[in-house]
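Trainee: Could you take me through one part of this structure closely, namely the sheet and what lies around it? Please explain each term when it comes up.

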Amino acid sequence: MATRESLTARLLRIEGLPISTVLLLLVAVFMLVAPEVFLSYRIYMSFLANGAPLLVLAAGLTLLIAAGEIDLSFPSVVALSGWVLAYCIHQHEAPWLGLLLALLAGALVGFLNGVLVARVGIPSIIATLATQFLWGGITTVLSEGLSYSLSDIDELLVWKLLVGRIGPLPVQALWAVGLTAWLWLVLNRRRFGEHLLFIGDNAKVAEIVGVNTRREKTRAFVLMGVLGAFASVLLTLENQNFFNTQGAGYLLEVMAAVFIGGTSVFGGKASMVGTVAGSFIIVMVEAGIVATGVQGFWVRAVVGVVFLAAVVGHMLIEGPGKGITRVRLLRGKFGLNQGERS
Amino acid sequence: MPHSLPATPARDEQLFQHIVRLERVDMTFGRVQALSQVDFEVGRNEIVGLIGDNGAGKSTLIKIISGVLRPTAGTVWVRDQRVDPSSYSVRRAHDLRIETVHQTQSLGEKQPLWRNLFVGRQIVGRFGFIDVKKEKEIANQLLRKAIGFRGQGITAESTVRDLSGGERQGIAIARAMHFQADLIVLDEPTTALAVNEVRKVLSFIEGAKSGGRACIYIEHNLAHVHEVADRLVILDRGKVVRDVKKGELSLAELTSQMIALHEGHGDGHA
């Protein structure tokens, strides 16, 4: 067998390359179809402003899915933490305290999820579905079903620091990208991230090699809770408004962003770069479809098509689980290496 | 398999008599008694062959030694020091230089080899980031020198699921070698191997002994254990039924005893 890797193999090893290419192609298509919108910078600033919470959530969820777990409760964290922040600003004019308490609320929800999953042993899809109802319900009770309008908060320092503008650039985009970069490091360069990958790969192996699976899983849920709270803070401040179902729309979009990005639903393999591309695809298809003059009703259908195409694409690239074989096959298909199929 | 292990263990560790000793250890899973009142010890430079039928408790026993399981009752001693069960773990066992090559899969299938070699004991820099470059470098060295994977297209970047059973076992053994254990526990290391690879494992075990190390060797193939072990311990249904020096039990006697035990089970079920 050849010792030199083919170009195809080396390209495939670059993280998130295929899906990033899809994203760029999509941008190109939109530029062709709706140049007046997509050749101006303003649409991208709007993507960055509105996509920031989605990206933060998707990046956090990537870590959990890497560990073979899922969190369905983050929409309720987006609601609950948003209420905590809004309440502190609205009733007590204490935005900093509100920020702190909002993050703390997220951490607590995450910790509870972690205990239910890692200690009690409830499968995460069930545990977090339950806590999603629980905290969503509690938010409705606390807010009495009302929404809070937070006018004039753009005067606040916390607003300027988190969702202000530097020229046309929304500050929350910097936060989201910075956090995502940090989470890339956590996943790929920290013990914690490596432990999550091994847990997702095979929890028994993780234990054999000395990973404290319960502690690491709990930490991952707490992290997701805090990130959910932070996304909620960005959303609430940007909208200058809180309403008690404000997280509901995110559940499926965030999951779609992660899977479009190529993170394996089976755990053990995750791509943070892919998640970034997936998030932008989700945000852009929504705005792009409308801008191209197609009826807005088509948005979800197009997301579905892109989603399916991405998943099938990842499957083709990953193959049925044989990396070297797959590369050999690919080489064979491209006529680079005839007679060497295994 | 090379004998590149350092010849002398650290000075301060010369004084102990047993690298590991278990005293009246019980292990129950729900209503199943996997081990009962097991006494078991391994001398400082001894190869102990652990033999028993399926379900005799061999894997449970070594999981206790390697820190994966906590015994229900009994005492564990490492280097003649009593081990606090509440703080004993895989990590602690690694710190005490006990390495285990498990029978069941012990590698992350989707992870590259370099991660598999160092997971749980990552090389990290000052700020806690994994030194990927260094880990890959050492992994590649190990692959070339220790395992002899040269020219097979296997590198530190290769994924475990692309490897054969023998190659995987080689990686698991190389991991144990790299961390220079004083006690190496091998749980049926030859099961997935081709004949020539089995010889490599056996000579690795002998090399470990001449390097001053101890070894627990679990094996179904009685001829293999009998060849390399200094002492043979036979487990049956969670109990130690025989503990003899190799000289006191010929391979033929060992074989007939194992057959007798096995048939004894058959009667029990009938």
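Mentor: What follows is a walk through the sheet, then its helices, then two loop residues.

This is a predicted model, in which local features need pLDDT of at least 70 and side-chain atom pairs count only at pLDDT 80 or more, while totals for chains, interfaces and linings use all residues. Residues are numbered from 1 along each chain as its sequence is written, and chains are lettered from A and ligands numbered from 1 in the order in which they are written.

Chain B has eight helices and 10 strands; helices (H or I, at least four residues) and strands (E, at least two) are DSSP runs, numbered from the N terminus. Six strands of chain B make an open sheet with mixed pairing, in the order S6-S7-S8-S3-S9-S10. Two strands pair if DSSP finds at least two bridges between them. At the edges stand S6 (98-101) and S10 (239-245) of chain B; each has a single partner strand, so one side of each is left without a neighbour in the sheet. On average, neighbouring strands are turned by 15° against each other, direction ignored.

Now take one pair within the sheet. Strands S3 (residues 47-52) and S9 (residues 231-236) of chain B run parallel and are joined by five bridges. In this pair, B:Leu50 stands opposite B:Val233 in S9(B).

Two helices pack on the sheet. Helix H1 (residues 58-65) of chain B touches S3, S6, S7 (183-187), S8 (214-218) and S9 of chain B, and its direction makes about 150° with that of S7(B). Helix H6 (residues 195-210) of chain B touches S3, S7 and S8 of chain B, at about 155° to the direction of S8(B). Contact here requires C-beta atoms, placed from the backbone, to lie within 7 Å. Axes are lines fitted to C-alpha atoms, for helices over the stretch in contact, and angles run from 0 to 180 degrees between N-to-C directions.

Two loops that lead to the edge strands remain. B:Arg97 lies in the loop between helix H2 (90-95) and S6 of chain B, and its phi is near 60°, a positive value in a residue other than glycine. B:Arg237 lies in the loop between S9 and S10 of chain B; its phi is also positive, about 45°, although it is not a glycine.

A residue is buried if 20 or more other C-beta atoms lie within 10 Å of its own, exposed if 12 or fewer, and partly exposed in between, with C-beta atoms placed from the backbone. B:Arg97 has 19 such atoms and is therefore partly exposed; B:Arg237 has 18 and is partly exposed.
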